[in-house]
Structure formats: structure tokens, C-alpha cells
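Reader: I am new to protein structures and would like to learn how to read one. Could you take me through some features, step by step?

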Amino acid sequence: MAADIDVSVPHGVEQNIKMELLAMIHGGESPYLIIDHVARYLEDASAEPGYANHIRENMRAVYGCALLQKRLLTD
């Protein structure tokens with residue numbers, strides 16, 4: 001299986017999103033903003049329109065409406 005790994009791309013093909021994620025964590029960004037950022041990246045990478053919105057709606061329903069976290073109720 002090790003022969004299938006492409007070592008020609010340093011640190012993997014997802015280096016940009018990995019660095020963005022790390023910068024957001026180090027910058028103290030809200031976990032909700034981080035999840036939204038990753039969801040938007042995955043929507044673009046997978047060519048699945050509406051994926052990020054689906055994630056936002058689910059976060060709002062679970063964490064906002066069910067758990068009453070104000071951040072998601074007021075965004």
C-alpha cells in the first residue's frame with residue numbers, strides 16, 4: 001500500500017486547508033466559523049452545491065435551536 005502514496009506533493013494535496021484550519025485555531029476563531037469554513041471548502045472540492053448551507057442549517061438546528069447557543073441563533 002505504501003507504493004500508492006504520492007510523495008511528489010509536499011505534505012499532501014490539502015496543505016492549504018490544513019494551514020487555514022491551523023491559523024483559525026491559533027487565531028482563536030469560533031469553532032462554528034471553523035466548521036463553516038471547512039464545509040465551504042468541502043462544497044467546492046466535492047462540487048456538491050448546497051453542502052455548506054446544509055451544514056449551517058444543521059448546526060443552527062442542533063446547537064442553536066436545541067442547545068440554545070446564541071451565536072447560531074443570531075447569525
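Author: Happily! Let us begin with helix α1, residues 15-26. Please keep in mind that this is a predicted model.

Reader: What span should the 12 residues of helix α1 have, and what is the distance between its end C-alpha atoms?

Author: The general idea is to count 1.5 Å for each residue, leaving one residue out of the count. For the 12 residues of helix α1 the expected span is therefore 16 Å, and the end C-alpha atoms are 16 Å apart, which agrees.

Reader: Which residue with a positive phi follows α1?

Author: That is G28, with a phi near 75°.

Reader: Now for the whole protein: how many helices and how many strands does it have?

Author: There are 4 helices and 0 strands. Read from the N terminus on, the order of elements is α-α-α-α.

Reader: How do I read a salt bridge, and how many are there in the whole structure?

Author: Here is the general idea: side chains of opposite charge can pair when their charged atoms come close. In this structure, a search of the whole model finds 2 salt bridges. One of them joins D36 and R40, whose closest N and O atoms are 3.0 Å apart.

Reader: Where do D36 and R40 lie?

Author: Both belong to helix α2, which covers residues 31-46. D36 and R40 are 4 residues apart there, about one turn of the helix.

Reader: Is D36 buried or exposed?

Author: The cut-off to use here is that a residue counts as buried under 20% relative accessible area. D36 has 13% relative accessibility, so D36 counts as buried. Its partner R40 has 38%, so R40 counts as partly exposed.

Reader: Which residue forms a salt bridge with D36 at 2.7 Å?

Author: That partner is R56, and the 2.7 Å is the distance between the closest N and O atoms. R56 lies in helix α3 (residues 51-66) while D36 lies in helix α2, so this pair ties together parts that are 20 residues apart in sequence. R56 counts as partly exposed, at 26% relative accessibility.

Reader: Which residues do the salt bridges with shared partners join into one network?

Author: The network consists of D36, R40 and R56.

Reader: Which residues is D36 in contact with, leaving aside neighbours within four places in sequence?

Author: For contacts, look for heavy atoms within 4.5 Å of each other. With those neighbours left aside, D36 is in contact with R56 and M59. R40 touches A52 and R56, again not counting residues up to four places away in sequence.

Reader: How many residues apart along the chain are R40 and A52, and what separates their C-alpha atoms?

Author: R40 and A52 are 12 residues apart along the chain, and 5.0 Å separates their C-alpha atoms.

Reader: Let us step back to the whole protein. What share of its 75 residues count as buried?

Author: The share is 16%. As for the surface, the accessible area comes to about 5800 Å², and 62% of that belongs to carbon and sulfur atoms.

Reader: And what share of the contacts with a separation of 6 or more comes from residues 24 or more positions apart?

Author: Such residues account for 24% of those contacts.

Notes:
Residues are numbered from 1 along each chain as its sequence is written. This is a predicted model: local features need pLDDT of at least 70, side-chain atom pairs count only at pLDDT 80 or more; totals for chains, interfaces and linings use all residues. Side-chain values use heavy atoms; hydrogens and water are left out. A salt bridge is a side-chain nitrogen of Lys or Arg within 4 Å of a carboxyl oxygen of Asp or Glu. Helices (H or I, at least four residues) and strands (E, at least two) are DSSP runs, numbered from the N terminus. Buried means under 20% relative accessible area, exposed over 50%, partly exposed in between (1.4 Å probe, protein chains only). Accessible areas come from the Shrake-Rupley method with a 1.4 Å probe; for residues, only the protein chains shown count as cover.
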